[in-house]
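Trainee: Could you take me through one part of this model in detail? I'd like the cysteine-rich patch and whatever sits around it.

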Amino acid sequence: MTAEQLSRLREVVEAEIQDIHAALEQWRACNGLDENGRQRVEETAVRMLHQDWKHNTDRRMMELLRLLGRMEEEDFGVCQECGEDISLRRLELVPTTAFCAVCMERLEQKEQKLAGRVAV
Ligand SMILES: [Zn+2]
């Protein structure tokens with residue numbers, strides 16, 4: 001991968017981090033303390049939905065931050081399974097992937113087979 005490709009990819013990731021950051025700010029504004037310092041009370045179902053969202057969003061944020069760190073490493077963009085370069089198009093779509101499309105498909109099939117075996 002060229003330095004230019006890498007920096008374009010980094011922009012994609014950083015843009016998503018900014019989006020998440022803004023969404024988290026909003027979340028805090030909705031779920032934080034009200035002007036009297038009291039915790040806002042919400043319907044339990046809504047609150048749980050929000051917690052789910054928060055949990056997933058926090059996890060995604062961590063993933064993206066780790067990814068930025070990984071971009072500094074020399075073997076970034078190389079498939080961890082076969083050692084081939086992961087296509088740039090794929091990295092732009094799924095920047096957090098560690099596998100090329102071919103290996104990913106194979107791994108997923110293997111997983112489905114294993115899952116099938118457990119179910120039977
Ligand atoms: Zn591969």
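Mentor: Here's the background, followed by a walk through that patch.

Residues are numbered from 1 along each chain, following the sequence as written. What you have is a predicted model, so local features need pLDDT (the predictor's confidence in each residue, from 0 to 100) of at least 70 and side-chain atom pairs count only at 80 or more, while totals for chains, interfaces and linings use all residues.

The chain averages a pLDDT of 86, with 86% of its residues at 70 or more. Four helices and zero strands make up its elements, where helices are DSSP runs of H or I with at least four residues and strands are runs of E with at least two, numbered from the N terminus. Read from that end, the order is α-α-α-α. Confidence bottoms out in α4, at a mean of 87, and peaks in helix α3 (residues 88-93), at 91.

Now burial. A residue counts as buried if 20 or more other C-beta atoms lie within 10 Å of its own, exposed if 12 or fewer, and partly exposed in between, with C-beta atoms placed from the backbone. By that yardstick, 6% of the 120 residues are buried. The largest nonpolar core is made of five residues, C79, I86, L91, F99 and C100; such a core is a set of buried Ala, Val, Leu, Ile, Met, Phe, Trp, Tyr and Cys residues joined through C-beta atoms within 7 Å.

Start at C79. Leaving out residues up to four places away in sequence, C79 touches E84, I86, F99, C100 and C103, a contact meaning that the two C-beta atoms, placed from the backbone, lie within 7 Å. Two of those partners, E84 and C103, deserve a closer look.

C103 belongs to helix α4 (residues 101-119). It's rated partly exposed because it has 18 C-beta neighbours inside 10 Å. With that same sequence filter, C103 touches C79, E81 and C82. From C103 to C79 you go 24 residues along the sequence, and the C-alpha atoms are 8.0 Å apart in space.

E84 sits in the loop between α2 (44-70) and α3. Its 12 C-beta neighbours inside 10 Å are why E84 counts as exposed. Beyond four places in sequence, E84 touches C79 and C100. E84 and C103 are 19 residues apart along the chain, with 9.9 Å between their C-alpha atoms.

One last stop is L93, in helix α3. L93 counts as exposed because it has 11 C-beta neighbours inside 10 Å. L93 and V12 are 81 residues apart in sequence, yet their C-alpha atoms are 9.4 Å apart. Across the chain, 52% of the contacts with a separation of 6 or more join residues 24 or more positions apart.
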